[in-house]
Amino acid sequence: MTASSRRTTIARSRIAAVGAIAVAGALILTGCGDQTEGGGDSSNETSSSSKAPLFDKLPANIQKAGVIKVGTNAEYAPMEYQEGGKIVGVDPDIAAALGKQLGVEFKFTSGSFDGLITSLNSGRYDVAMSSITDTKARQEGLDDEGKKLGPGVDFVDYFTAGTAVYVQKGNPKKINSIADLCGQTAAVQRGTTYEQALQKQSKACTDDGKKKITIESFENDTEAQTRVKSGGAVAGVNDYPVAIDMARKADGGNAFEVVGEQVDAGPFGIAVNKDNKELSAALEEAVNAIIEDGTYKTILEKWGAESGAIDKAAINGGK
């Protein structure tokens, strides 16, 4: 959850604008939805605390607990989704690798995307990791009009992705970019940066004397995909790696296609409470460690997500 991540002409990523993120600042919403446990053993082979190279970098309370509680929205293949009752994907695999460096288990819990940051800042989670696009608005707790909604979060950036438009296979409406959606209906996940991208484009349409985009926002990305597949919406907007994975796999590759190129690539970040600088610093060091030892590259290759690779972690690198 395309912030956006998810979350420029196209603003989550989970780009990808999982928001765009979109859950703190412009995307902080209060509802958390039903929570589903999963991926509880995301680091089965985590080193013991005495051997893990970065264990001493962690805050004392997490060292004692031996667990980092992770909020996610596991409906976003290949980044995070549920398979056989377990949360799997790029993010859980990266978390497991980080767990080996830090000597703790990353325990994932799935809930609604637009409630992740609120739940993080309430103390339910230690971090949120769900293809969330690192944006200044989310860092500062601002909505899309600059109104302060919450304290914001810090991000440890670990991936990059752009926004993509997907349509029914065969592209019956001949959509080639987001600019072609003026006067059309588009589907998107609520609370993401790519929802904001559609809102921005719709305004550009009317400013240019064209009809607005009818934006249908859904609680989860699966509902948005279903709307496009049924023809109720001519297109959907999503993070590029998610859209590509969907086009390859849905109905054996016969349901969707991605049109145009990804645009406005931005960082996905692990969201951390602003008061927990020690944890942010430890995570940044752990991300750099798995990049340097090659584990990171292997994980991305496993999931076909090499296009999102970064060379070095950053804190609050989003714009």
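# Exercises on a Predicted Model

Asp 251 is found in the loop that runs between helix 7 (240-249) and strand 12 (256-273). The structure is a predicted model, and the exercises below begin with this residue.

**Exercise 1. Determine whether Asp 251 and Asp 264 are buried, partly exposed or exposed, and describe the phi of each.**

Step 1. The phi of Asp 251 is near 50°, a positive value in a residue that is not glycine.

Step 2. Partly exposed residues have a relative accessible area between the limits of 20% and 50%. The relative accessible area of Asp 251 is 46%, so Asp 251 is partly exposed.

Step 3. Asp 264 lies in strand 12. Its phi is positive too, at about 50°, although Asp 264 is not a glycine.

Step 4. Asp 264 has a relative accessibility of 26% and therefore counts as partly exposed.

**Exercise 2. Describe the chain as a whole by its secondary structure, its buried share and its surface.**

Step 1. The secondary structure comprises nine helices and 13 strands.

Step 2. The chain has 319 residues, and 57% of them are buried.

Step 3. The accessible surface is about 12,500 Å², and carbon and sulfur atoms account for 47% of that area.

**Exercise 3. Locate the disulfide and state which parts of the chain it ties together.**

Step 1. Cysteine sulfur atoms count as a disulfide when they are within 2.5 Å. By this rule there is one disulfide.

Step 2. The partners are Cys 182 and Cys 205, with sulfur atoms 2.0 Å apart.

Step 3. Cys 182 is in the loop between strand 8 (153-168) and strand 9 (185-189), while Cys 205 is in helix 5 (residues 193-207); the pair therefore ties together parts that are 23 residues apart in sequence.

Step 4. The torsion about the S-S bond is about -80°, so the disulfide is left-handed.

Step 5. Both cysteines fall under the 20% limit for buried residues: Cys 182 is buried at a relative accessible area of 17%, and Cys 205 is buried at 1%.

**Exercise 4. Work out the order of strands 3, 4 and 5 in their sheet and examine the loop between strand 3 and strand 4.**

Step 1. The three strands form an open sheet in the order 3-4-5, with antiparallel pairing.

Step 2. Strand 3 (75-76) and strand 5 (86-88) are the edge strands, each pairing on one side only.

Step 3. Strand 4 (residues 80-83) is joined to strand 5 by three bridges. Within this pairing, Tyr 81 has Val 88 of strand 5 as its bridge partner.

Step 4. Pro 78 is in the loop between strand 3 and strand 4. The peptide bond joining Ala 77 and Pro 78 is cis, with omega about 5°.

**Exercise 5. Explain why Val 90 counts as buried, and identify its contacts.**

Step 1. Val 90 belongs to helix 2 (residues 90-102).

Step 2. Its relative accessibility is 0%, so Val 90 counts as buried.

Step 3. Neighbours within four places in sequence are set aside; the contacts of Val 90 are then Pro 78, Met 79, Ile 299, Leu 300, Trp 303 and Ala 305.

Step 4. Leu 300 lies 210 residues from Val 90 along the chain, yet their C-alpha atoms are separated by 6.8 Å.

**Exercise 6. Establish which residues of helix 9 are buried, which are exposed, and what covers the buried ones.**

Step 1. The buried residues of helix 9 (residues 295-302) are Tyr 296, Ile 299 and Leu 300.

Step 2. These residues cover an arc of only 95° around the axis and therefore lie on the same side of helix 9.

Step 3. Lys 297, Thr 298 and Lys 302 are exposed on the other side of helix 9.

Step 4. The cover over the buried residues of helix 9 includes helix 2, strand 8 and helix 8 (277-292).

Step 5. Gly 304 follows helix 9 and has a positive phi, near 65°.

**Exercise 7. Describe the largest nonpolar core and the other core that lies apart from it.**

Step 1. In soluble globular proteins, nonpolar side chains tend to be buried together.

Step 2. The largest nonpolar core here has 63 residues, and Ile 68, Ile 94, Leu 102, Phe 106 and Leu 283 have the most contacts inside it.

Step 3. Helix 8 gives the most to this core, contributing seven residues.

Step 4. Another core, of ten residues, lies apart from the largest one; Phe 113, Ile 132, Val 153 and Phe 155 are among its residues.

Technical notes: Residues are numbered from 1 along each chain as its sequence is written. This is a predicted model: local features need pLDDT of at least 70, side-chain atom pairs count only at pLDDT 80 or more; totals for chains, interfaces and linings use all residues. Side-chain values use heavy atoms; hydrogens and water are left out. Helices (H or I, at least four residues) and strands (E, at least two) are DSSP runs, numbered from the N terminus. Buried means under 20% relative accessible area, exposed over 50%, partly exposed in between (1.4 Å probe, protein chains only). Accessible areas come from the Shrake-Rupley method with a 1.4 Å probe; for residues, only the protein chains shown count as cover. Contact means heavy atoms within 4.5 Å. Two strands pair if DSSP finds at least two bridges between them. The arc is that of the directions from the helix axis to the C-beta atoms. A nonpolar core is a set of buried Ala, Val, Leu, Ile, Met, Phe, Trp, Tyr and Cys residues joined through side-chain atoms within 4.5 Å.
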